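The following paragraphs lead the reader through one protein model, from single residues to the overall fold. Please keep the sequence and the structure in view while reading.

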Amino acid sequence: MAILLLDDTLQIEVHYEQEDGDLRDNVCLRIREDCPDEERLFRAEETNVYLTARQARELANALLNAAEHSLQQGMD
């Protein structure tokens with residue numbers, strides 16, 4: 001499943017990397033950008049960040065906590 005951000009120019013995917021199942025950092029956070037070079041946040045069109053299960057949970061919890069605070073402020 002892809003999440004589109006920034007007017008659909010930034011695509012984020014998260015998945016378990018089956019081929020790297022024997023490695024600790026087997027959760028892949030894939031970021032793709034479809035925009036002109038001067039508008040890029042990253043150098044490459046695609047960037048992969050590999051996380052451990054614990055890091056992925058920490059990131060997910062941080063996002064959920066921030067979203068909860070935003071919703072409590074009525075900012076959705």
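Is Cys-35 buried or exposed? Cys-35 is buried, with a relative accessible area of 13%; buried means under 20% relative accessible area, exposed over 50%, and partly exposed in between, with a 1.4 Å probe and protein chains only. Before going further, the reader should know that this is a predicted model, in which local features need pLDDT of at least 70, side-chain atom pairs count only at pLDDT 80 or more, and totals for chains, interfaces and linings use all residues. Residues are numbered from 1 along each chain as its sequence is written, and side-chain values use heavy atoms, with hydrogens and water left out.

The cysteines may be taken together. A disulfide is a covalent bond between the sulfur atoms of two cysteines. Here it is defined as a pair of cysteine sulfur atoms within 2.5 Å, and by this rule the count is zero disulfides. Cys-28 takes part in no disulfide, since its nearest cysteine sulfur, that of Cys-35, is 19 Å away. Cys-35 is likewise in no disulfide, the nearest cysteine sulfur being that of Cys-28 at 19 Å. Cys-28 also counts as buried, at 0% relative accessibility.

The overall fold comes next. The secondary structure of the protein consists of one helix and four strands, where helices (H or I, at least four residues) and strands (E, at least two) are DSSP runs numbered from the N terminus. Read from the N terminus, the order of elements is β-β-β-β-α. The radius of gyration of the protein is 15 Å, well over the 11 Å that the globule rule gives for 76 residues, so the protein is more spread out than a compact globule. That radius is taken over C-alpha atoms, and the globule rule is 2.2 Å times the number of residues to the power 0.38. Along the principal axes, the C-alpha atoms fill a box of roughly 45 × 35 × 20 Å. Of the 76 residues, 20% count as buried. With contact meaning heavy atoms within 4.5 Å, residues 24 or more positions apart account for 22% of the contacts with a separation of 6 or more.

Attention now turns to empty space. Rolling a probe the size of a water molecule over the atoms shows where empty space is left. On a 1 Å grid over the protein atoms alone, a pocket is an open set of points where a 1.4 Å probe fits, with protein on both sides within 12 Å along at least five of seven lines; lining residues have an atom within 4 Å of a point. Grid points are joined across faces, edges and corners, and a volume is the space filled by probe spheres set on the points. The largest pocket has a volume of about 320 Å³. It is lined by 13 residues, of which Ile-12, Val-14, Leu-29, Leu-59 and Leu-63 are the closest to its centre. The elements that give two or more residues to this lining are β1 (2-5), β2 (10-16), β3 (27-33) and α1 (53-72). The largest share, four residues, comes from α1. By residue type, the lining divides into 12 nonpolar, no polar and one charged; Ala, Val, Leu, Ile, Met, Phe, Trp, Tyr, Cys and Pro count as nonpolar, Asp, Glu, Lys and Arg as charged, and the others, Gly among them, as polar.

Several glutamates deserve separate mention. Glu-33 is found in strand β3 and is buried, with a relative accessible area of 7%. Its C-alpha atom is 4.7 Å from that of Leu-10, although the two are 23 residues apart along the chain. Leaving out residues up to four places away in sequence, Glu-33 touches Thr-9, Leu-10, Glu-39, Arg-40, Leu-41, Phe-42, Ala-44 and Glu-45. Glu-17, in the loop between β2 and β3, is buried at 14% relative accessible area. Beyond its neighbours within four places in sequence, Glu-17 is in contact with Asn-26, Cys-28 and Tyr-50. The C-alpha atoms of Glu-17 and Cys-28 are 6.2 Å apart, with their positions 11 residues apart along the chain. Glu-38, by contrast, is exposed at 68% relative accessibility and belongs to the loop between β3 and β4 (46-51).

The loop between β1 and β2 holds Leu-6 and Asp-7. Phi is near 50° in Leu-6, a positive value in a residue other than glycine, and near 55° in Asp-7, again positive in a non-glycine residue. Leu-6 counts as exposed at 53% relative accessibility, as does Asp-7 at 77%.
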